[in-house]
Amino acid sequence: MKETFSPKQIARAIGVSESSLKRWCDRGMIHTVKTAGGHRRLLLPDVLEFAKSQGYKLIEPEILGLPSLNQSTERTLDVARKELIEALVAGNETVSRQIVLELVMADHRLCDICDEVIADAFHEVGDLWDCGTVEVYQERRACEIIVRIMHELRHFYEAPSQRAPLAIGASPSGDPYTLPTTMSELILRENGWRAVSLGNNLPFNSLSSAVRDQRPQLFWLSVSSIADEESFVEGFNQFVDEVKPIGTAVIVGGRALTDNIRKRMNFTSFCDRMRNLEEFAQTFKRGAAPSPSDLSTTDTDN
Ligand code: B12
């Protein structure tokens with residue numbers, strides 16, 4: 001059961017009067033739930049979404065169980081990245097959450113937070129591990145922290161309705177990386193897709209069953225590690241052939257997809273970073289993207 005808050009707590013947290021808050025609830029501007037006794041309660045993601053869309057700041061986030069935000073000095077992405085590296089290496093989940101949440105509340109684009117803060121912080125963590133400054137356990141712990149934070153944000157960007165277009169995605173067999181596929185899910189949900197990541201290390205035959213069962217409009221594959229190039233390319237192209245009749249657009253991305261490998265793959269679009277995925281998802285939703293039933297190789301990264 002998710003934690004709920006009273007209108008009085010929320011009013012204090014965002015610095016408005018309780019009567020205004022109740023009025024907004026009555027008008028349906030904030031989603032509420034009712035207790036067994038008929039009292040109105042509010043869920044954190046609904047409150048954050050409302051505050052963000054209406055330009056309210058969290059004056060007393062502690063009331064909602066969130067860390068206090070740094071209101072006076074709004075972080076730039078650059079500063080946030082440096083602070084996040086420090087917090088992640090130290091295993092400080094509270095500060096890591098605070099940094100990410102503050103960027104979201106300050107209206108930075110989620111794709112930029114993912115690309116320029118989280119991913120770049122992990123690139124740096126990888127370099128620190130490579131030169132022996134960071135232990136393996138610190139790197140692993142940092143991944144766990146960021147995945148938890150991304151799952152929290154997932155509720156924040158709940159897809160609008162069951163009628164929203166469906167997207168599913170994963171990482172292929174032999175790929176142990178969890179962050180990029182979790183990120184892709186989040187970006188698509190923020191853009192109004194019913195996006196579900198199936199996880200990492202999934203064989204192509206199971207992915208093709210998933211597409212046949214679910215019939216999504218979009219499928220993403222995040223590829224950070226390829227054990228055997230030949231069997232990867234063969235498995236991928238067979239997967240594309242199998243899902244072609246369904247008309248699903250197949251989007252690929254990830255560090256391991258070099259130019260040479262991509263040339264041999266039959267995808268709909270390659271995206272370099274989360275910003276490209278967001279742009280593709282928006283265009284595709286508006287129906288301006290290439291027809292998904294006409295699967296051809298079109299790079300969007302140039
Ligand atoms: C965490 C980590 C791991 C963890 C991952 C755990 C987990 N739960 O995910 C584990 C323990 C599995 C691991 C293992 C290894 N790792 Co490692 N790892 C990393 C690290 C630090 C972060 C990776 C990450 O998640 N980054 C964050 C993501 C979000 O960033 P990203 O991958 O760049 O993704 C962006 C884009 O590529 C794009 N994108 C990605 N996918 C998709 C998909 C779509 C659809 C779209 C649109 C876009 C997109 O958007 C993302 C955001 O901008 C990297 C450092 C680095 N440079 O990334 C090293 C790194 C990748 N690892 C490295 C190494 C050496 C290893 C090991 C060999 C270590 C070992 N001796 O065992 C193994 C190999 C495992 C394997 N089979 O490949 C090296 C690779 C060097 C190389 N030349 O290939 C790196 C670069 C570290 C380093 N500096 O040396 N690793």
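Where is the place of S209? It's in helix 9. Let me start there and work outwards. One thing to keep in mind throughout: what you have in front of you is a predicted model.

So, S209. Is this residue buried, partly exposed or exposed? At 28% relative accessibility, S209 comes out as partly exposed, because the buried class stops under 20% and the exposed class starts over 50%. If you look across from S209 you'll find E242, which is 33 residues away in sequence, yet the two C-alpha atoms are 9.3 Å apart in space.

Okay, stepping back to the whole chain for a second. We've got 12 helices and eight strands. There are 302 residues, and 49% of them count as buried. And if you take the contacts with a separation of 6 or more, 73% of those come from residues 24 or more positions apart.

Now the aromatics. How many aromatic pairs does the structure hold? Nine. Let me walk you through two of them.

The first one I'd like to show is W24 with F50. Their ring centres are 5.3 Å apart and the planes sit at 40 degrees, so we call this pair tilted. W24 belongs to helix 2, residues 18–26, and F50 to helix 3, residues 44–54, so to speak two distant parts of the chain, linked across 26 residues. Both partners are tucked away: W24 is buried, at 11% relative accessible area, and F50 is buried as well, at 4%.

The other pair is F204 and F232. Again it's tilted, with 5.8 Å from centre to centre and 50 degrees between the planes. Here the link runs from helix 9, residues 204–214, where F204 sits, to helix 10, residues 229–243, where F232 sits, and the two are 28 residues apart. F204 has a relative accessible area of 15%, which is under the 20% cut-off, so F204 is buried. F232 is buried too, at 7%. And this pair has company: F204, F219, F232, F236 and F239 make up one aromatic cluster.

While we're on helix 9, have a look at the loops on either side. Leading in, between strand 5 (194–197) and helix 9, there's N201. Its phi is positive, near 60 degrees, and N201 is not a glycine. Why point that out? Because most residues other than glycine have a negative phi. N201 is partly exposed, with a relative accessible area of 44%. Leading out, in the loop between helix 9 and strand 6 (218–222), there's R215. R215 also has a positive phi, about 50 degrees, without being a glycine. At 53% relative accessibility R215 is over the 50% mark, so this one counts as exposed.

Next, the metal. Which residue gives the cobalt atom of the ligand its single donor from the protein? Y177, through its OH, 2.5 Å away. You'll find Y177 in the loop between strand 4 (166–170) and helix 8 (179–190). Y177 has another neighbour to show you: the charged end of R255 sits over the Y177 ring, 5.2 Å from the ring centre. There's a similar arrangement elsewhere, with the charged end of R262 over the ring of F270, 3.7 Å from its centre.

Last stop, the N-terminal end of the numbering. Three strands form an open sheet here, in the order 1-3-2, with antiparallel pairing. Strand 1 (4–5) and strand 2 (33–34) are the edge strands, each pairing on one side only. Strand 1 is joined to strand 3, residues 40–43, by two bridges, and F5 stands opposite L42 of strand 3. On the other side, strand 2 and strand 3 also pair over two bridges, antiparallel again, and there K34 stands opposite R40. Strand 2 and strand 3 make a hairpin with five residues between the strands, and in that hairpin G38 has a positive phi near 85 degrees.

One more piece goes on top of that picture. Helix 1, residues 7–14, lies across strand 1 and strand 3, and runs at about 45 degrees to strand 3.

That's my tour, so over to you.

Methods
Residues numbered from 1 in each chain as written. Predicted model: local features only at pLDDT ≥ 70, side-chain atom pairs only at ≥ 80, totals over all residues. Heavy atoms only, no water. Pairing = 2+ DSSP bridges. Helix = DSSP H or I, 4+ residues; strand = E, 2+ residues; numbered from the N terminus. Contact = heavy atoms within 4.5 Å. Axes fitted to C-alpha atoms, helices over the stretch in contact; angles between N-to-C directions. Donors = N, O, S within 2.8 Å, 3.2 Å for Na, K, Ca; no water. Phe/Tyr/Trp six-rings, centres within 6.5 Å; stacked < 30°, edge-to-face > 60°. Buried < 20%, exposed > 50% of the residue type's maximum accessible area, 1.4 Å probe, protein only. Lys NZ or Arg CZ within 6 Å of the ring centre and 35° of its normal.
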